[in-house]
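Student: I have a structure open and want to learn how to read it. Can we go feature by feature?

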Amino acid sequence: MEIPADMPAHGVMEAMEPGLRRIIAPNPSPMTYWGTNTFVLGEGDVTVVDPGPDHAPHLEAILGGLAPGERVARILVTHSHVDHSPLARGLSRATGAPVIAFGTSLAGRSQVMADLVAQGMTSGGEGVDADFVPDEEMADGDRLAIGSGLTVEAIWTPGHFSNHLSFAVGDVILVGDHVMAWASSLVSPPDGDLTAFMASCERLLARDARIHYPAHGPAIDDPKARLRWLIEHRKGREASILAQLATAPATPEALTRAIYTDTPPALLPAAERNVFAHLIDLWTRQKVTATPTLSPGAMFTLT
């Protein structure tokens with residue numbers, strides 16, 4: 001991943017289109033690209049989406065970037081990873097605005113993932129904001145009138161994270177970490193769920209969105225093309241896993257080393273999580289069998 005030299009500046013409120021502004025948090029990394037895109041919807045009584053990490057200068061930048069007389073009326077959170085939700089509480093304290101999201105970091109988790117956690121599997125990849133509790137919950141399909149003639153519709157898009165919401169405003173969708181232009185979204189069990197991810201991609205593909213605004217990186221001007229790429233990318237990875245298993249049973253670690261031959265060793269643990277996400281999905285669809293039971297150390301065979 002290379003962050004472009006002409007990337008937008010951190011901490012500067014920028015108009016993206018009528019009724020939508022963006023200010024980027026100063027947390028660039030291989031997982032966040034140039035940092036978290038915090039969005040501001042409407043004018044006057046505004047809605048902030050994904051305040052970002054608990055970073056006092058970013059809080060000051062959000063408030064300082066508003067027009068004179070504007071106030072934050074509500075705070076929406078796509079999901080509770082530590083680069084998205086922690087600042088919501090500080091922004092709420094500063095403004096009195098309620099924090100609105102799908103639910104806590106456990107909300108929406110499938111039974112398969114809950115069972116893996118019960119067996120001792122821990123979170124991997126991005127950090128989880130385990131203490132996150134919204135003031136109000138917004139379910140799939142809920143609509144919220146936010147002023148300026150705008151209405152926000154919640155679309156539950158689990159996959160990258162179980163409590164992940166995308167927010168549709170007319171023909172614009174704020175897609176959080178589900179769809180990004182610069183990378184395929186991380187799907188790392190037990191927080192990430194590939195079965196749910198693929199279903200969420202199909203849901204978004206069925207909508208006639210003009211543009212997607214991800215929580216990291218630039219806007220996506222052709223959402224359907226990007227979603228089709230994501231779906232085919234995952235299907236290609238699945239085909240590689242099935243081809244390897246056709247030669248012999250294997251563990252997720254062995255499959256990872258056979259498939260990710262050009263990946264630096266430091267990145268192999270993340271790649272192994274990705275392979276395991278695919279194996280869980282294949283197991284759920286009865287395409288593979290896990291011995292002795294479904295786990296990161298299991299031996300997998302074709303069913």
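**Aromatic pairs first**

Tutor: The count of aromatic pairs comes to five. Keep in mind that this is a predicted model.

Student: How is a pair of aromatic rings described?

Tutor: By two values: the distance of the centres and the angle of the planes. Take Tyr33 and Trp34. Their ring centres are 5.4 Å apart and their planes stand at 45°, so this pair is tilted.

Student: Which kind of pair do Tyr33 and Trp182 make?

Tutor: A stacked one, because the planes are at 15°, with the centres 4.7 Å apart. The pair links distant parts of the chain. Tyr33 sits in the loop between β2 (20-24) and β3, Trp182 in the loop between β11 and α4, and their positions lie 149 residues apart in sequence. Tyr33, Trp34 and Trp182 form one aromatic cluster.

Student: Is Tyr33 buried or exposed?

Tutor: Buried. The cut-off is under 20% relative accessible area. Tyr33 has 9%, so it counts as buried. Trp34 is buried too, at 5%.

Student: Rings can also meet charges. Over which ring does the charged end of Arg226 sit?

Tutor: Over the ring of Trp229, 4.3 Å from its centre. A second case is Arg234: its charged end sits over the ring of Phe197, 5.5 Å from the centre.

**The seven-stranded sheet**

Student: Now sheets. What is the strand order in the open sheet of seven strands?

Tutor: Read it from edge to edge. The order is β1-β2-β3-β4-β5-β6-β7, and the pairing is mixed. The edge strands are β1 (14-17) and β7 (136-137), each pairing on one side only.

Student: How many bridges join β2 and β3?

Tutor: Five, in the antiparallel sense. One position to find is Ile24, whose bridge partner in β3 is Asn37. Helix α1 (residues 56-65) packs on this sheet and touches β2, β3, β4 and β5. Its direction makes about 150° with that of β2.

Student: What comes after β3?

Tutor: A hairpin. β3 and β4 form it, with three residues between them. Gly42 lies in the turn and has a positive phi of about 85°. Three bridges join these antiparallel strands. Val40 stands opposite Val48 in β4.

Student: In which sense do β4 and β5 pair?

Tutor: Parallel, over five bridges; β5 covers residues 71-76. Look for Val49, which stands opposite Leu76 in β5. Strand β4 (residues 45-49) is mostly covered: four of its five residues are buried. Helix α2 (residues 87-95) lies across β4, β5 and β6 (99-101), and runs at about 150° to β5.

**One residue up close**

Student: How do I read a single residue, say Thr38?

Tutor: Place it, check burial, then list contacts. Thr38 is in strand β3 (residues 37-41). Its relative accessible area is 0%, so Thr38 is buried. A polar atom of the Thr38 side chain lies 2.7 Å from the backbone oxygen of Asp50.

Student: Which residues is Thr38 in contact with, leaving aside neighbours within four places in sequence?

Tutor: Among them are Arg21, Arg22 and Ile23, as well as Val48, Val49 and Asp50. The list also includes His58 and Ile62.

Student: Let me try Leu302. Where does it lie?

Tutor: In strand β14 (residues 299-302). At 39% relative accessibility, Leu302 counts as partly exposed. Not counting residues up to four places away, it touches Leu242, Leu245, Ala246, Lys287 and Val288. Leu268 is 34 residues apart from Leu302 along the chain, and their C-alpha atoms are separated by 23 Å.

**The five-stranded sheet**

Student: What is the order of the five strands in the other open sheet?

Tutor: It is β8-β9-β10-β11-β12, with mixed pairing. The edge strands are β8 (143-147) and β12 (211-214), each paired on one side only. Direction ignored, neighbouring strands are turned by 25° against each other on average.

Student: How do β9 and β10 run?

Tutor: Antiparallel. Four bridges join β9 (residues 150-156) to β10 (residues 165-169). Ile155 stands opposite Ser166 in β10. Helix α4 (residues 194-205) packs on the sheet, touching β9 and β11 (172-176). The helix direction makes about 145° with that of β9.

Conventions: Residues numbered from 1 in each chain as written. Predicted model: local features only at pLDDT ≥ 70, side-chain atom pairs only at ≥ 80, totals over all residues. Heavy atoms only, no water. Helix = DSSP H or I, 4+ residues; strand = E, 2+ residues; numbered from the N terminus. Buried < 20%, exposed > 50% of the residue type's maximum accessible area, 1.4 Å probe, protein only. Polar contact = N/O pair within 3.5 Å; in protein donor to acceptor, adjacent residues only side chain to side chain. Contact = heavy atoms within 4.5 Å. Pairing = 2+ DSSP bridges. Axes fitted to C-alpha atoms, helices over the stretch in contact; angles between N-to-C directions. Phe/Tyr/Trp six-rings, centres within 6.5 Å; stacked < 30°, edge-to-face > 60°. Lys NZ or Arg CZ within 6 Å of the ring centre and 35° of its normal.
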